[in-house]
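Work through the two exercises below with the sequence and the model side by side, and try each task before reading its solution.

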Amino acid sequence: MTTELVVDVKNQVQQALAEVEKREITNVFFVACGGSSAIMYPSKYVIDREAKVLDAHLYSANEFIHRNHAKLGSGSLVILCSHSGTTPETVEAAKFARSKGALAVSLTNEEGSPLAQASDVVLKYQWGEKASAFTTNYSVLYQLVFGVLKVVENNEKASLVEGSLENLQNVYEKAAALYQSKAEAFGQQYKDEKIIYTMASGANYGVAYSYAICILMEMQWVHSHAIHAGEYFHGPFEIIDEETPFIILLGLDETRHLEERALEFSKRYGKKLVVLDAKDFDFTGVAEEVQGYIAPLVLNYVLRKYADQLAEARNHPLSKRRYMWTVEY
């Protein structure tokens, strides 16, 4: 982990928190699109579980503007994310938030981007194979959110989370190695499938959602849908059979029971079940009190290895697009 980058991330987060301290923040809005929206789910879960006063809301950028939430105002912290910083809807959402008097804090990989220019505070995260886990988007967002909880509500978990995130890269690497052979088998076994569902709950749901809409649908042109494990028995379980593939995530948070119940039923009637269980991971260096919050970050990292193997087996690079960035929309 590069010391300079770690220090830079910590400084950026502290600058954002300094702006939060200047205001009487009563609610937090998480705003983004697509994969950037998906990284917001665990953080909203954190506030739902930890906050005594703060309200949390999660919106796709366009709906955030058009819905025009009645509570959006000077007491609002709006956290936005766009990897390129050029997503038009998210840029406009930042401008809209500020027009309402809210504090707009944006995460992006491009600090000079339109989103950065439209925001009050910018947090630049790292990306790519060589990026340290501590400096990537999920981690930076967690540092911000737990910092906000500390500033606004004196929540004591911020230091536990920061220390845990500093050890996250080792957790990532061990988990990826543990699941490497399974990822390779997944690519070969499922390369010809036309549809693959994903399922999870709680803090992990965003990972399932991202995998469905970004990896399978956007990057592989495979039909998919993210199913919430709590909703599985209210319709979706009717499609489970021996020929329908499911990726099922098991986390460590309070909703794990929902995922376990869905998996137990699926095993009775399904054969093509791909299960990633956070209990398999070595969380050495991660405080036990926050492992439920950290688990989706690790699940996401491991699932990316599954995506790489599927793309290779299908001879369909993850960068290939049919419409995105190629036609007007």
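**Exercise 1: a loop residue**

In this predicted model, Thr-255 belongs to the loop that connects strand S8 (246-250) with helix H11 (256-269). Determine whether Thr-255 is buried or exposed, and state which residues Thr-255 is in contact with once neighbours within four places in sequence are left aside.

Solution. Begin with the relative accessible area, which is 16% for Thr-255; because buried means under 20%, Thr-255 counts as buried. Next, set aside the neighbours within four places in sequence, whereupon the contacts of Thr-255 are Tyr-45, Ser-201 and Gly-202. Finally, look at Ser-201, whose side chain forms a polar contact of 2.8 Å with the side chain of Thr-255.

**Exercise 2: an open sheet and its helices**

Give the order of the five strands in the open sheet, and explain why strand S2 (55-60) and strand S5 (121-124) each have one side without a neighbour in the sheet.

Solution. Reading across the sheet, the order is S2-S1-S3-S4-S5, and the pairing is parallel. Strands S2 and S5 are at the edges with a single partner strand each, so one side of each lacks a neighbour in the sheet. From one strand to the next, the twist averages 20°. At the S5 edge, strand S4 (residues 103-108) runs parallel to S5 and is joined to it by four bridges, with Thr-108 standing opposite Lys-124 of S5.

The helices come last. Helix H1 (residues 3-21) packs on the sheet, where it touches strand S3 (76-81), S4 and S5, and its direction makes about 160° with that of S5. Helix H7 (residues 137-153), in turn, lies across strand S1 (27-32), S3, S4 and S5, and runs at about 155° to S4.

Conventions
Residues are numbered from 1 along each chain as its sequence is written. This is a predicted model: local features need pLDDT of at least 70, side-chain atom pairs count only at pLDDT 80 or more; totals for chains, interfaces and linings use all residues. Side-chain values use heavy atoms; hydrogens and water are left out. Two strands pair if DSSP finds at least two bridges between them. Helices (H or I, at least four residues) and strands (E, at least two) are DSSP runs, numbered from the N terminus. Axes are lines fitted to C-alpha atoms, for helices over the stretch in contact, and angles run from 0 to 180 degrees between N-to-C directions. Contact means heavy atoms within 4.5 Å. Buried means under 20% relative accessible area, exposed over 50%, partly exposed in between (1.4 Å probe, protein chains only). A polar contact is a pair of N or O atoms within 3.5 Å; within protein, one must be able to donate a hydrogen and the other to accept it, and residues adjacent in sequence count only if both atoms are side-chain atoms.
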